[in-house]
Amino acid sequence: MPSLYRFCWLSYANTTSLQFRKSTVWSVEGAQQGDPLGPLLFCMTIQPLLQSLSSELAAAYMDDVTLGGNKSTVADDINTISTVGISALEIL
């Protein structure tokens with residue numbers, strides 16, 4: 001979604017201060033809980049990973065993924081998600 005890029009860059013490129021009572025926490029990367037763009041950015045990031053899976057059934061809603069099919073294929077896909085997925089989510 002190239003048209004959304006500039007807005008995301010403006011929203012996430014700089015450190016943001018989060019205030020809690022008298023404390024300040026610096027948000028350095030990624031979307032925060034309750035951020036309306038968080039789900040969209042998460043789904044856009046995980047979509048290529050989900051499309052690369054080989055299981056007969058690969059369905060996902062946000063971070064809930066269901067896989068079905070041959071045991072070894074599902075096991076391979078779980079391994080892919082747990083290795084490749086971690087590096088993909090570090091982007092967020």
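Modeller: Ground rules before we chat: helices are DSSP runs of H or I with at least four residues, strands are E runs of at least two, and both are numbered from the N terminus. What we have is a predicted model, where local features need pLDDT of at least 70 and side-chain atom pairs count only at pLDDT 80 or more, while totals for chains, interfaces and linings use all residues. Residues are numbered from 1 along each chain as its sequence is written, and side-chain values use heavy atoms, leaving out hydrogens and water.

Biologist: Fine by me. In which pattern do the helices and strands follow one another along the sequence?

Modeller: The protein has three helices and four strands to place. Reading along the sequence, you get α-β-β-α-β-β-α.

Biologist: What radius of gyration does the protein have, set against a compact globule of 92 residues?

Modeller: The radius is taken over C-alpha atoms, and the globule rule is 2.2 Å times the number of residues to the power 0.38. The C-alpha trace spans about 55 × 30 × 20 Å along its principal axes. A compact globule of 92 residues would come out near 12 Å, but this protein has 17 Å.

Biologist: What share of the 92 residues is buried?

Modeller: Let's fix the term: buried is under 20% relative accessible area, exposed is over 50%, and partly exposed is in between (1.4 Å probe, protein chains only). With that cut-off, the buried share of the 92 residues is 21%.

Biologist: And how far apart are the mean positions of the positive and negative charges?

Modeller: Lys and Arg count as positive, Asp and Glu as negative, and His and the chain ends are not counted. Each charge is placed at NZ of Lys, CZ of Arg, CG of Asp or CD of Glu. There are 4 positive and 8 negative charges, and their mean positions are separated by 17 Å.

Biologist: On to single residues. Which backbone oxygen does the side chain of T45 reach?

Modeller: T45 sits in helix 2, residues 38–51. Its relative accessibility is 19%, so T45 counts as buried. At 2.7 Å, its side chain reaches the backbone oxygen of L41.

Biologist: L41 again, then: how far is its C-alpha from that of C8?

Modeller: C8 belongs to helix 1, residues 2–12, and is buried because its relative accessible area is 13%. Taking contact as heavy atoms within 4.5 Å, and leaving aside neighbours within four places in sequence, C8 meets A13, L37 and L41. C8 and L41 are 33 residues apart in sequence, and C-alpha to C-alpha the gap is 9.1 Å.

Biologist: Which residue's side chain makes a polar contact with the side chain of S55?

Modeller: S55 lies in the loop between helix 2 and strand 3, and with 9% relative accessibility it counts as buried. Not counting residues up to four places away in sequence, S55 touches L67, G68, T73, V74 and D77. A polar contact is a pair of N or O atoms within 3.5 Å; within protein, one must be able to donate a hydrogen and the other to accept it, and residues adjacent in sequence count only if both atoms are side-chain atoms. At 2.5 Å, the side-chain partner of S55 is D77.

Biologist: Is R21 buried or exposed?

Modeller: R21 is in the loop between strand 1 (16–20) and strand 2 (23–27). Its phi is near 50°, positive in a residue other than glycine. With 75% relative accessibility, R21 counts as exposed.

Biologist: What phi does M62 have?

Modeller: M62 occupies the loop between strand 3 (57–61) and strand 4 (64–68). Its relative accessible area is 27%, so M62 is partly exposed. M62 is not a glycine, yet its phi is positive, at about 55°.

Biologist: How far apart are I46 and I81 in space, C-alpha to C-alpha?

Modeller: I46 is in helix 2, where its relative accessible area of 11% makes it buried. I46 and I81 are 35 residues apart in sequence, and in space their C-alpha atoms are apart by 9.5 Å.

Biologist: Last one: what separates the C-alpha atoms of I78 and R6?

Modeller: I78 is part of helix 3, residues 71–89. I78 is partly exposed because its relative accessible area is 48%. Along the chain I78 and R6 are 72 residues apart, and their C-alpha atoms are separated by 34 Å.
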